[in-house]
Amino acid sequence: MAIDQSFYLNLTESGIAGEVPDADTCVQLLQSPEIELLPLLDAAFQVRRHFHGHEVAVHILNNAQNGHCPEDCHYCAQASTSKADIESYGLKSDDEVIEEARVAYESGAYRYCMVFAGRGPSKQRLERLARQVRKIKQNYPLQICVSPGLMDDEGTSILKDAGVDRLNHNLNTSERHYPKICTTHTYADRVRTLEAAKRSGLKMCSGIIVGMGEADEDVVDVARTLRSLEASSIPVNFLVPIPGNQLEQPARLSPTYCLRVLCMYRFVNPQAELRAAAGREGHLRSMEVMALYPANSLFLDGYLNTRGGSRERVLQMIKDAGFEIKSSFSVDEMLDQEAQHASFQVDPGDGQGSILKTLDELRPTNQAPDIATADQSPETAPSDRK
Ligand code: SF4
């Protein structure tokens with residue numbers, strides 16, 4: 001393959017035209033030293049700018065129920081097989097979830113993502129979730145994404161009717177590699193959930209975790225499968241090494257490799273909201289800001305159980321690179337707000353403190369753990385967690 005200016009120009013033009021690069025080219029984008037990073041980033045940025053301008057969609061996660069999951073996803077601190085020292089709790093109350101939505105909205109979030117541990121929700125839990133979503137939608141102009149686990153058509157229809165905009169269910173890795181990261185459900189189960197979401201008219205959010213011992217071909221397979229499934233939102237996560245997890249040591253990921261992955265995902269999924277998701281701080285390190293050239297979205301306030309960069313640092317990074325946040329508020333207004341409320345500072349996960357969130361960070365609007373009460377509710381009975 002001849003690598004000259006026309007190679008990069010062709011990537012941009014094909015991306016804007018919606019043409020998918022072939023699998024071999026995608027692997028080369030990850031591997032070939034002849035494909036230089038800066039022109040590759042620029043080619044990906046041209047595609048990103050064409051479809052998304054300079055906007056960054058900021059997402060804030062609500063870990064609506066933490067731990068107690070019977071599944072054995074090897075990367076997950078909530079898995080039954082994980083020994084990670086996380087703060088487990090049952091389902092948050094309606095008031096707590098709605099109050100956290102308010103805080104997320106006022107923090108500049110474009111989208112509020114509610115995540116539930118477990119194989120999949122009972123009908124009772126789905127109806128409770130639908131009630132919460134209706135209340136949030138009545139009060140705040142937030143896009144709502146929920147991540148409830150495995151679903152069928154009936155469940156996804158309940159969520160759609162309640163006003164959920166997107167359903168998140170990550171593929172995480174390729175079909176070939178899937179048995180090495182989970183044995184309690186299959187890749188096909190995950191694809192079925194995504195297809196049910198699509199049939200119900202929900203937009204689809206689905207992504208990958210890079211660094212779980214997969215081959216480059218697996219990373220490419222997921223990108224191309226997500227294109228064929230028409231995923232409108234794609235979180236690209238880089239494995240966060242949580243002590244006690246089955247997969248606690250990530251494969252060695254360099255910052256340049258992570259950026260190549262993001263560029264390749266942009267070329268394969270040019271119109272998707274591409275998110276530099278969990279692990280970006282630790283794996284991209286000093287090159288973190290460059291993720292915004294292929295990606296147009298990121299998380300604020302860390303992840304399900306692990307901390308990210310401080311809110312102020314992330315907002316300043318967006319501003320310094322010349323991007324705007326996609327929000328009712330400008331990035332300057334957000335930074336001013338941070339200056340006034342400088343109390344919410346989190347450890348950047350740089351080794352100087354625990355990477356795990358405290359209970360206060362997981363439940364910022366409810367200081368009481370309330371585990372006993374929550375665990376007695378029918379919605380969080382062990383049978384519901386399958
Ligand atoms: S099903 Fe979800 S919560 Fe449970 S172990 Fe897998 S990723 Fe974690």
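Arginine 285 lies in the loop between helix 10 (280-284) and strand 9 (297-300); helices (H or I, at least four residues) and strands (E, at least two) are DSSP runs, numbered from the N terminus. Residues are numbered from 1 along each chain as its sequence is written. The model is predicted: local features need pLDDT of at least 70, side-chain atom pairs count only at pLDDT 80 or more, and totals for chains, interfaces and linings use all residues. Arginine 285 is not a glycine, yet has a positive phi of about 45 degrees. Arginine 285 counts as exposed because 12 other C-beta atoms lie within 10 Å. With C-beta atoms placed from the backbone, a residue is buried if 20 or more others lie within 10 Å of its own, exposed if 12 or fewer, and partly exposed in between.

A positive phi, of about 65 degrees, is also found at glutamate 230, again not a glycine. Glutamate 230 sits in the loop between helix 8 (216-229) and strand 7 (233-238). Glutamate 230 is partly exposed, because 13 other C-beta atoms are within 10 Å.

Strand 7, which follows that loop, is mostly covered, with six of its six residues buried. In a regular strand the side chains alternate between the two faces of the sheet. From strand 7, Ser233, Pro235 and Asn237 point one way and Ile234, Val236 and Phe238 the other way. Strand 7 pairs with strand 6 (residues 208-210) in the parallel sense over three bridges; two strands pair if DSSP finds at least two bridges between them. Valine 210 has phenylalanine 238 as its bridge partner in strand 7. A right-handed β-α-β unit is made by strand 6, helix 8 and strand 7. Right-handed is the term if, with the strands pointing away from the viewer, the path from the first strand over the helix to the second runs clockwise. Strand 7 also runs parallel to strand 8 (residues 273-276), joined by four bridges, and serine 233 has glutamate 273 as its bridge partner in strand 8.

The loop between strand 7 and helix 9 (255-268) holds glutamine 249. Glutamine 249 is exposed, because it has 11 C-beta neighbours inside 10 Å. Its C-alpha atom is separated by 8.5 Å from that of methionine 212, although the two are 37 residues apart along the chain.

Another set of strands lies earlier in the sequence. Strand 2 (residues 111-116) and strand 3 run parallel and are joined by five bridges. Arginine 111 has glutamine 143 as its bridge partner in strand 3. Between these strands the chain passes through helix 5 (residues 123-139), in a right-handed β-α-β crossover. Strand 3 (residues 143-147) has four of its five residues buried. Strand 3 pairs with strand 4 (residues 166-168) in the parallel sense over two bridges, and cysteine 145 has arginine 166 as its bridge partner in strand 4. The chain reaches strand 4 from strand 3 through helix 6 (residues 153-162), and this crossover is also right-handed.

The buried residues of helix 4 pack against strand 1 (55-65), strand 2 and helix 5, contact being C-beta atoms, placed from the backbone, within 7 Å. These buried residues are Glu96, Val97, Glu100, Ala101, Ala104 and Tyr105. Just after helix 4, glycine 108 takes a positive phi of about 95 degrees.

Around the ligand are Cys69, Glu71, Cys73, Cys76, Gln78, Ala79, Ala117, Arg119 and Gly149, each with its C-beta atom, placed from the backbone, within 6 Å of it.

Notes: Contact = placed C-beta atoms within 7 Å.
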